[in-house]
Amino acid sequence: MKLKLSVIPITVAALGALLGWAAPAGAATLLNRGHVDIGIGYDAGAFDLHVHDEESDTEYSPGDAVLGVNASARRLTSAGLGVALGLSAGTPLWILPAAQDPELLFLGLGTEELSDSEWSGNLSLTLKGISGPGSVAAWSVGSLGEISVHLNSRDGVNASDRFSLLAGSHGHVNLGFTEPGNYELLFEATGTHLTDGVVASGDVAYAFSVIPEPSVGRLAAIGVVTGWLFRRRTRCASRTVG
Ligand SMILES: [Zn+2]
C-alpha cells in the first residue's frame with residue numbers, strides 16, 4: 001500500500017478535532033507555556049501589534065501564533081469572581097492567571113517599545129470582537145482582593161471592554177474563557193501621539209485555543225489515532241531506509 005503525503009496532516013487535524021481544537025491553518029506556532037506578551041509597538045506613524053515570546057526572545061505576527069490555554073487552566077468560579085463577571089459560582093472557567101504558573105501560558109501586555117514622553121495620556125487596547133464557543137473576560141485583583149474587570153464579552157462587546165495602558169509599561173492580568181475551543185479575539189490599539197495625533201491600529205486578530213480535559217472516551221480514541229499514525233510513520237521510515 002502506498003502512503004500519500006496528505007495522510008499525515010489530515011490525521012493531525014483529526015487528532016485536534018478529538019481534543020476539541022482544530023489545527024490552525026498555516027504554520028502558526030502554539031504558545032502554551034512560559035512568559036509571552038502581547039506587544040504594542042509604534043513605528044513610522046503606525047502601530048505594530050505582535051506577540052513576544054520572552055522565553056526565546058521571538059517575535060510573532062499575531063496571525064503566526066496561537067495562544068494556548070492548557071487543560072489545567074480549568075477552575076471553578078468563586079462567588080466573588082462570579083459576581084464580578086456575571087457568572088454563577090462554580091461555573092468552569094479556563095484561566096490564564098496574572099501570577100505565573102509553570103504549566104500555563106503567562107500572558108501579559110507590553111508597551112515597553114513605546115516612549116512615555118511621546119504619548120498624551122494612556123493608550124487603550126480595546127476588545128472589538130470575539131468569535132468562539134464562549135465568552136472571555138480579563139480582570140485584576142487588588143491587594144485587598146478587590147476585582148477590577150477590564151473586559152467581559154459575556155454582556156456583549158463595547159468601548160468599555162479595554163485595557164488602559166501606560167506607554168513604556170508591562171503588566172499581567174487574569175484572562176478567563178468560559179468554554180473550551182478555539183477563539184479569535186479582535187483588539188485595536190489607540191492613543192494620542194504628541195506628533196501624529198490620535199492614532200489607531202485597526203482591528204488585529206489574536207487566536208486562542210482553550211484545551212478541554214480529555215474525557216476517557218477521547219483518550220481512547222486519541223490512542224487509536226496516534227497508534228495508527230505511529231505505524232504509518234514507522235512503515236514510511238522503514239521503506240525510506242530500505
Ligand atoms: Zn509579560
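This report describes the secondary structure, strand pairing and nonpolar core of a predicted protein model.

## Overall composition

The predicted model contains 17 strands and three helices. Of the 242 residues in the protein, 29% are buried.

Contacts across the chain were also examined by their separation in sequence. When contacts between residues at least 6 apart in sequence are considered, 69% join residues at least 24 apart.

## The five-stranded open sheet

Five strands form an open sheet in the order β6-β7-β14-β10-β11, and their pairing is antiparallel. Strands β6 (74-76) and β11 (147-152) are the edge strands, each of them pairing on one side only. From one strand to the next, the twist averages 35°.

Within this sheet, β14 and β10 are adjacent in the strand order. Strand β10 covers residues 136-141 and strand β14 covers residues 174-177; the two run antiparallel and are joined by four bridges. Leu175 in β14 stands opposite Ala138.

## Strand β15 and its partners

Strand β15 spans residues 181-193 and pairs with strand β9, residues 119-131, in the antiparallel sense over nine bridges. In this pairing, Leu185 of β15 is the bridge partner of Ile130.

Strand β15 also pairs with strand β17 (residues 204-210), again in the antiparallel sense, over seven bridges. Here Glu184 has Ala207 in β17 as its bridge partner. A further antiparallel pairing links β15 to strand β16 (residues 197-200) through four bridges. His193 is matched with Gly197 in β16 as its bridge partner, and the connection from β15 to β16 is a hairpin of three residues.

As background to these pairings, side chains in a regular strand alternate between the two faces of the sheet.

## The nonpolar core

The largest nonpolar core comprises 47 residues. The members that touch the most other members are Leu67, Val69, Leu96 and Leu105.

Which residues does Leu67 contact, leaving aside its neighbours within four places in sequence? They are Leu31, Leu105, Leu107, Tyr206, Ala207 and Phe208. Leu105 thus appears in two roles: it is in contact with Leu67, and it is listed with Leu67 among the core members that touch the most others. Ala207 likewise appears twice, being a contact of Leu67 and the bridge partner of Glu184 in the pairing of β15 with β17.

Methods. Residues numbered from 1 in each chain as written. Predicted model: local features only at pLDDT ≥ 70, side-chain atom pairs only at ≥ 80, totals over all residues. Core = buried A, V, L, I, M, F, W, Y, C linked by C-beta atoms within 7 Å. Buried ≥ 20, exposed ≤ 12 C-beta atoms within 10 Å, placed from the backbone. Contact = placed C-beta atoms within 7 Å. Pairing = 2+ DSSP bridges. Axes fitted to C-alpha atoms, helices over the stretch in contact; angles between N-to-C directions.
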